[in-house]
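Student: I have a structure in front of me and would like to learn how to read it. Where do we begin?

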Amino acid sequence: MNSREITTQISKAADLLNLKKWDYGASFSNDYSVQVDRGEAKQLKASQKQILTLRVWNQSNLVGITTTSDISESGIKKALKQANIASDFGNKNETTEFSPLAKDPIKVKEVKKRNPVGIKKLLTLLRGAEVKLIESHESIKSVPYNGLSESFFERVYANSEGAFRSYTKSQASLYLYARAEEKNKKPRSSGSVKLGYGVEDIDIETCIKEASNKTISHLNYSSIKTDKYLICFSPESFLTIINAFSSMFNARSILDGVSLSNKNSIGEKLSTEALNIYDDGLHEKNISSSPFDGEGTPTKRLCLINKGRIENFIHSESTARIFKTIPTGHAGLGSKVSVSPDWIVVEKSEENFDLKTSLDHSTYEGEFVYIEELNAIHAGVRASQGSFSLPFDGWLYKNGKKISIDSATVAGDIKYLFKNIVNIESSQEITTSGISPHIWVDELSITGDA
Amino acid sequence: MLSSQIKSNEIVFGSCNKDLLEEIIFYGIGLGADFVEIFIENTDNSSVLAEEDFITSVSPSFGRGAGIRIFKGKKDGFVSTNDLTKHGLMRSVSQAIEMLDITDNKKEVFNGLNQHRDYSLSKKKWINEVPSIHEISEKLLVSTKFLKNNNKIITRKGSYSRSLQEVIIASSDGTYVSDIRLHQTVGLNVIASDAQYRSSGSRRFGSSGMPNEFRLWDNEKAANDVFESSMNMLYADYVDAGQMPVVLANKFGGVIFHEACGHLLETTQIERGTTPFENKLNEKIAHESVTAIDEGISEGSFGSLSVDDEGMEPEKSVLIKDGILKKFISDRAGELRTGHKRTGSGRRQNYSFAAASRMRNTYIAKGEHSKEDLINSISEGLYCKSMGGGSVGATGQFNFAVEEGYLIKNGKLTSPVKGATLIGEAKEVMPKISMCGNDLELAPGFCGSISGSVNVTVGQPHIKVDSITVGGR
C-alpha cells in the first residue's frame, strides 16, 4: 500500500470501529550500509522498514496510541482497536488535539533526486577510504569504527480532518574512526563524520583527512593539572553542550519539571548580549531537515536566545495551547508528545561590545584549553540540575605550545557557562548538528591526571 | 484450499514453519552461501507512564519482521524486512547473496532442519498472566503517591514497560528453535528542589520470564529508597577532583565492570582490534581478588535467556578467575573470525540487527569482606552508593557519573557529595580492585552496542578500588 492507500484504509477501518477522530504518522525506508575491516568486507546490511503510529480520540476526547510495523489491512485494524483500548487511559489533565497548523503550507527543500548506488559501490568506496586513511600515517594501524550508508525514505502525516502531507528523501553518511598506536604510548582514536543527500555528495577525501589529522595530532599527549582554565569550545563541542541542555528551551520539559527554565523564563538573561541562538531545521545546510514535525506542524526558524535573553520555547500542539501560543514544529508523535530541537544555529549578535575579541583560537598566545570534542554526553549531563562533567578531546595551549590532553574531564554548570562566555568568534562553522562559531568561556574546572 | 495455500507461503507464528524455512535455506545454500540463518520475530510490547497522580502515557506497540544473515567465508551479509511471505524472505536471501557477490560454484550441504526445539511451550500462557494496563496503572499511581508528602519533591514519575518477543530461529546447520521472551521493567524517578538546590533520584527493577513479578514489586520500599537518596543529595557539595581510593556499592556498581571491562571481553572487540586483552588469555589482567562471570541462566534475571538469538543455549562463562583471563564472550561470527568458541551470547535488539557477542548477566563474584571492612580500610576516599550512566571510549577509557556519593574520612562515611565522575582505563583499574565484599547483588539494565539495545544484568558485591581519578569541581 502507498501512503494514500494507507490513509484510505485507516479511514475505512476507523469508520467500522466508529472512531471519528484519528491521525497517524508513518515512515517507509530502504537502507543500505557497509563496514570494512582491513580491506575485507565486514558486514553488509540492507533493510526495508515500515512503521506506523496511530492515534485515536475516544468519545471523551481522550487519546490512545499504537505503533505497528504490520501495515496490512488486518494490522491496521488491530492497531486501531488497540489504540482505542489505550484511549481509556488517556491523560484527562492534558488533552491533545490536532495541530492547528497541520494544513498550513510546508516548505520542502528542492533537492536533486539521488538513486541508490548499491552495496558494491558502497563497499568499493569504503575500502578505498580505509586504505587511504591507514596509509596516511605510519601510526594509524586500523580504522576499527567505520561505515558508509545510504537511506531512502518517505515520511507521512495525515488526520481525519483531511490533513495529508508527505515527503521523500535520501541521506548518506560516512564515518571513519582511526586508531593510532606508538610504542610505549596509549593508543589514540579519533575520527570524522560526513553527511550528504546521496553518496556522491559526501566529501570522502575531507573525511579521511580530518580523521587522520585529528588522530595523529593527539599522539603526543600529556596529562593536565586539575584546575580552572580559560576554555575555547570548538563549534562542534559548543553545539553538543547546547543540545544536551536544550530542555532549557523545551516547553514539554518545563511542564514536566525537568527543565532549569519555567513558564516565566521568557526574557530571562542567561548570557552576554552578544549571544543569539536559533533553531533552524530548514537551514539549507541541514541535510536531515524535515518540512513538518510528528503532528504535521510546518518546521520553521525560531529564535531561542536573543541578545543573551530567552526569546522562545519550542512547542508541540498541547504545550503551545497551555502556553497560549502556537506550535513551533518540534513535536514527535506519541501518547505523550515529546518536543525536541532540530538544528541549532549559534551566532554573534550586533550587541557585542563586551566581548574580549583578542580571544581568537588561531592567534591567542595566552594559556587556554581548546575543547575539540565532548564525549559520554548521556552519562555526564544532568540536564534537570544544570550540571555536566564530560570527558573531552582537546589541547592545552601554553607558552606558545599546543599539547594534546590525556584523559581529562570538564565540569561545570550550564548557567555558569552561559554567564561566563567571554568571546564569540565571528566566523561560524558548519557541523552535522548545527552551526556555531568558537565560543570562549572563563574559569571552568578541568580534572586531569596530574 | 486458499487458506492453506496462504499459510504455506508465509510465516505463521504458533504453526509449524519447517517446510517454508527449509525451502528458504535451501535456496540460499543453492546460491552458494556457506551458511544461512533466519531470525523471525513477533513482538507485543506496552509501556505505561505515571506522572504525579495521573497516567500520562499508555503506549502499546506491535512488530513483526525477519533478519536473514548469509555467511561466505568470514564475510556476512544481513538483510532485514517486515515482509514475512515466502516471496519477501526469498527476496531478502537473494539480496544478501548479491551483496556478498557470491559467484563460486562451491556448495555447502544442507541436510534439512533438526527436530524443533520449542522453548515456548510453557510460555504461551504468559501473555494472559502479565498484569493488565489497568492493574499496572493503579500500582504506578500508588507508587508515585508514596512520594507525595514532601514539598521538596517537585517531580514524581513511575514507569513500566513490558516486552513480549516470540522468535523463530532456523539455520543451515540444522538449528530450528522457537522461544518466547518476556521482560518487564519498572522504575521510579524523582526530582527534589529547594531554593537553588536540586537533586534527583531513580531506581529501576526488572525481570525476565516472570509474568507475576510486577505484582510482587515492593513499591513502598522503592519509593522510600528513591526519596531518601534524593534528600541525601539535595544539599550536597560538589566533590573535589583528584586521585583517591573508592568503594563502589554492590548491585548497579557493577555497571563499571560491565562497561569498562566486560565489553572488552566480547569477541567483536577482538575483531576490531580494540581490546587490550586480545592476547592475554590465561594471563593476569586483574587483582587476584577478582573473579568475574557472564551467564544467561540465573532464573528471572534480566539478562537470562533460554536460548540465544542464534539458537544456542546460554552457558555460564567464567571470564576472569582469581585475576586470570579465562574466556571471551563469543557468538557465531566471533567464533568464525577469532576462534573463540560460542558461549550462547549471540544477541540482538530485534530482527533488524544481526546478532553479536553481547553480555547477559555479568558480575564480579562475591569475596570474603564485609562492606564495613572496605570502608574502614580507607582514611580518605569516596563511597559511590549509586552509579549513574557511563561510557567507554574507543581506546578503553571510561567515564561514569556517581549519582549518590559520600566522602570517606578515617574509615567512616561522612558528608554526601555530588558531581563526581570516575575516570580511568580498564587495564589500569582492574589490578587495583583489591577487596571484594560478601554481598553480591544483581541489578537490571539496558546495554546499547553493535546489535542494538539488549536486556542485561550487572552486578557485584561492594568492591574497593585502591586508586582512581575522581572528576569534580
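Tutor: We take chain B, then its contact with chain A, then a sheet and a pair of helices.
This is a predicted model, in which local features need pLDDT of at least 70 and side-chain atom pairs count only at pLDDT 80 or more, while totals for chains, interfaces and linings use all residues. Residues are numbered from 1 along each chain as its sequence is written, with chains lettered from A and ligands numbered from 1 in the order in which they are written.

Student: How many helices and strands does chain B have?
Tutor: Helices (H or I, at least four residues) and strands (E, at least two) are DSSP runs, numbered from the N terminus. Chain B has 12 helices and 23 strands.

Student: What share of chain B is buried?
Tutor: A residue is buried if 20 or more other C-beta atoms, placed from the backbone, lie within 10 Å of its own. Of the 473 residues in chain B, 56% are buried.

Student: How many residues of each chain take part in the contact?
Tutor: Residues are in contact if their C-beta atoms, placed from the backbone, lie within 7 Å. Chain A gives 58 residues and chain B gives 60 residues. On the side of chain A, strand E2 (residues 40-57) supplies the largest share, 10 residues.

Student: In which sense does E2(A) pair with strand E3 of chain B?
Tutor: Strands pair if DSSP finds at least two bridges between them. E2(A) and E3(B), residues 75-81, are parallel over 5 bridges. Here A:Gln43 stands opposite B:Asp76.

Student: What is the order of strands in the open sheet of chain B?
Tutor: The 6 strands run E12-E11-E10-E15-E22-E21, with mixed pairing. Strands E12 (324-325) and E21 (441-449) of chain B each have a single partner strand, so one side of each is left without a neighbour in the sheet. E21(B) pairs with E22(B), residues 452-460, in the antiparallel sense over 9 bridges. B:Gly445 has B:Val456 in E22(B) as its bridge partner.

Student: And how should I read packed helices?
Tutor: Two packed helices are described by the angle between their axes and the distance between the axes. Axes are lines fitted to C-alpha atoms over the stretch in contact, and angles run from 0 to 180 degrees between N-to-C directions. Helix H3 (residues 119-135) and helix H4 (residues 204-217) of chain A pack at about 35°, with axes 10 Å apart. Among the residues making this contact are A:Leu125 and A:Ala129 of H3(A), and A:Ile204 and A:Ile208 of H4(A).

Methods. Buried ≥ 20, exposed ≤ 12 C-beta atoms within 10 Å, placed from the backbone. Contact = placed C-beta atoms within 7 Å.
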